[in-house]
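Here is a short briefing for a reader who is new to this structure. Look over the sequence and the 3D view before reading on.

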Amino acid sequence: VQNNRSFVSLKPFINYLLAGVTLFFMVITFQRNKVWQNSINLFTDLVKKYPNQAHAHFVLAKNLIDVPDLNAALESINRSIELDPKMAESYFYRGNIYYGQENYAAALMDYLKAVEINPKYSEAYYNIGVIYNTTNKFQESIEPLTKAISIIPNEYMYQTRASSFFK
């Protein structure tokens, strides 16, 4: 009977303790949700916590390109390349940033680096062809566009290559 009374007298204390713990975790969850508002906030937080993770910088840069905040994206993608110089996707996306800034020579160098690292990077070959088209080097665009098609054929690659023959 004594043990049962001890438990009954502790029951309110246990209830208050559980309510307090629940409230504590609710507040922490609410605070953490501010970071999850959008992908830029999330990956900015991740980069702050793990500054030496190349993939975190890479994903942050991809999201900054979409905003677009090309200067911030370029800073983040450069850090990604610094941390992992063998990540072809980082060169590809940095090439996209340079292309968006109309720095075609730098974009071309990055796309070439991407296919050097990953010879099956169809989109990088395609973008090499697009740069040659953009800079009126139509004959030079045919080879990388053909390579892109040989890896992953799709309609827009065929159309871009066909337009190279008629310009």
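The points below cover the core, the surface, the salt bridges and two buried residues.

This is a predicted model. Its largest nonpolar core has 38 residues. A nonpolar patch lies on the surface. A search of the whole structure finds four salt bridges, and three are described here.

**The nonpolar core**

- Ala114 and Tyr121 touch the most other members of the largest nonpolar core.
- Seven helices are listed as giving two or more residues to this core: α2 (39-49), α3 (54-66), α4 (70-83), α5 (88-100), α6 (104-117), α7 (122-134) and α8 (138-151).
- Beyond its neighbours within four places in sequence, Ala114 is in contact with Ala88, Tyr91, Phe92, Tyr121 and Ala124. Tyr121 is thus named twice here: as a contact of Ala114 and beside Ala114 as a member with the most core contacts.

**The surface patch**

- Nine residues make up the nonpolar patch: Leu10, Phe13, Ile14, Leu17, Leu18, Val21, Phe24, Phe25 and Ile28.
- Together they have about 850 Å² of accessible area.
- Phe25, one of the patch residues, sits in helix α1, which spans residues 2-33.
- Is Phe25 buried, exposed or partly exposed? Its relative accessibility is 47%, so Phe25 counts as partly exposed.

**Salt bridges within one helix**

- Lys49 pairs with Asp45 in a salt bridge, and their closest N and O atoms are 3.1 Å apart.
- Lys49 and Asp45 are about one helical turn apart, because four residues separate them in helix α2.
- Lys49 is partly exposed, at 46% relative accessible area. Asp45 counts as buried, because its relative accessibility is 16% and the cut-off for buried is under 20%.
- Lys113 forms a salt bridge with Glu116, with 3.4 Å between the closest N and O atoms.
- Both Lys113 and Glu116 belong to helix α6, where three residues, about one turn of the helix, set them apart.
- Lys113 is partly exposed, at 28% relative accessible area. Glu116 is exposed, at 57%.

**A salt bridge between two helices**

- Asp110 forms a salt bridge with Arg94, and the closest N and O atoms are 2.6 Å apart.
- This pair links distant parts of the chain, with Asp110 in helix α6 and Arg94 in helix α5, 16 residues apart.
- Both partners, Asp110 and Arg94, are buried.

**Ala107, a buried residue**

- Ala107 is found in helix α6.
- What is the relative accessible area of Ala107? The value is 0%, so Ala107 is buried.
- Not counting residues up to four places away in sequence, Ala107 touches Gly95, Tyr98, Tyr99 and Ile131.
- Ala107 and Ile128 are 21 residues apart in sequence, and their C-alpha atoms are 8.4 Å apart in space.

**Ser122, a buried residue**

- Ser122 is placed in helix α7.
- Ser122 is buried, because its relative accessible area is 1%, and the cut-off for buried is under 20%.
- Which residues does Ser122 contact, leaving aside its neighbours within four places in sequence? They are Ala148, Ile151, Ile152 and Met157.

Definitions and conventions: Residues numbered from 1 in each chain as written. Predicted model: local features only at pLDDT ≥ 70, side-chain atom pairs only at ≥ 80, totals over all residues. Heavy atoms only, no water. Core = buried A, V, L, I, M, F, W, Y, C linked by side-chain atoms within 4.5 Å. Buried < 20%, exposed > 50% of the residue type's maximum accessible area, 1.4 Å probe, protein only. Contact = heavy atoms within 4.5 Å. Patch = residues over 30% accessible without salt bridge, like charges linked within 9 Å, V, L, I, M, F, W, Y side chains within 5 Å. Areas by Shrake-Rupley, 256 points an atom, 1.4 Å probe, with all protein chains shown as cover. Salt bridge = Lys/Arg side-chain N within 4 Å of Asp/Glu carboxyl O.
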